[in-house]
Amino acid sequence: MTKIDEINHKILQELSSDGRISNLDLAARVGLSPSACLRRVQELERAGVIAGYRAVLNPAALGIGFVAYMGVGLGEHTKAAQERFERAVARAPEVVECHNITGTIEYLLRVECADLPSYKTFHTDVLGTLPHVNSITTYVVMGSPKDLRA
């Protein structure tokens, strides 16, 4: 396992906020030579600490105006029921995150849609038709004062 010392932590912070930063700028920000910085980044990648790089998309520019978290409870608590549910939500483009959780429900979903009518269609025609779905609770996102994914 790669040691996450203070320098590696700084590297990870900088890359988390700007994954396209040049190695030269990254090295300057964390106080290393460019070659030492590159070696550390490559080691973090090889060790799987850095799993990849991605673009942060603007939801409004993509026509997404409605975001909600949904708690979903299943009526049957079997592995087969969970696998069927997971396969179904994997096919739903509105579901951008699916987490199997503990507590009174089995799943927490992050759903992104164009608007409330398109969310209603997803709620009724997709989730509402899945076998074993016993309960659905929706939490509409009104704002995100902290979102480290952005």
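## A walk through the sheet and its helices

Select Tyr69 first, and then Tyr139 in strand β4, which is the bridge partner of Tyr69. Strands here are DSSP runs of E with at least two residues and helices are runs of H or I with at least four, both numbered from the N terminus, and two strands are said to pair if DSSP finds at least two bridges between them. The model is predicted, so local features need pLDDT of at least 70 and side-chain atom pairs count only at pLDDT 80 or more, whereas totals for chains, interfaces and linings use all residues. Residues are numbered from 1 along each chain as its sequence is written, and side-chain values use heavy atoms, with hydrogens and water left out.

Next, display the sheet. Its 4 strands form an open arrangement in the order β2-β3-β1-β4, with antiparallel pairing. At the edges are β2 (95-100) and β4 (133-140), each of which pairs on one side only. Neighbouring strands are turned by 20 degrees against each other on average, direction ignored; here axes are lines fitted to C-alpha atoms, for helices over the stretch in contact, and angles run from 0 to 180 degrees between N-to-C directions.

Colour strand β1 (residues 66-74), which pairs with β4 in the antiparallel sense over 7 bridges. Leu74 stands opposite Val133 in β4. The pairing of β1 with β3 is also antiparallel, over 7 bridges, and there Val72 faces Tyr107 in β3. Because 8 of the 9 residues of β1 are buried, this strand is largely enclosed by the rest of the structure; buried means under 20% relative accessible area, exposed over 50%, and partly exposed in between (1.4 Å probe, protein chains only).

Within β1, stop at Val67, which is buried with a relative accessible area of 15%. Leaving aside neighbours within four places in sequence, Val67 is in contact (heavy atoms within 4.5 Å) with Arg110, Val111, Glu112, Val140 and Val141. Then pick Tyr119, 52 residues from Val67 along the chain, where the two C-alpha atoms are separated by 8.8 Å.

Bring in the helices that meet the sheet. Helix α4 (residues 79-91) lies across β1, β2, β3 (107-113) and β4, and runs at about 15 degrees to β3. Helix α5 (residues 116-126) packs on the sheet as well, touching β1, β2, β3 and β4, with a direction that makes about 15 degrees with that of β1.

From α5, follow the chain into the loop that leads to β4, where His132 is placed. His132 is not a glycine, yet has a positive phi of about 80 degrees. Most residues other than glycine have a negative phi. With a relative accessible area of 22%, His132 is partly exposed.

Now turn to helix α1 (residues 6-17) and helix α3 (residues 34-46), whose axes come within 11 Å and cross at roughly 80 degrees. The two helices are therefore roughly perpendicular to each other, a label given to angles of 65 to 115 degrees. At this contact, Ile7, Asn8, Ile11, Leu12 and Leu15 in α1 meet Cys37, Arg40, Val41 and Leu44 in α3. Cys37 counts as buried, at 0% relative accessibility.

Finish with the cysteines. A search of the whole structure finds 0 disulfides, a disulfide being a pair of cysteine sulfur atoms within 2.5 Å. Select Cys113, which is buried with a relative accessible area of 4%: the closest cysteine sulfur, in Cys98, is 15 Å from the sulfur of Cys113, too far for a bond.

How values were computed:
Angles under 35 degrees count as roughly parallel, over 145 as roughly antiparallel, 65 to 115 as roughly perpendicular and the rest as oblique.
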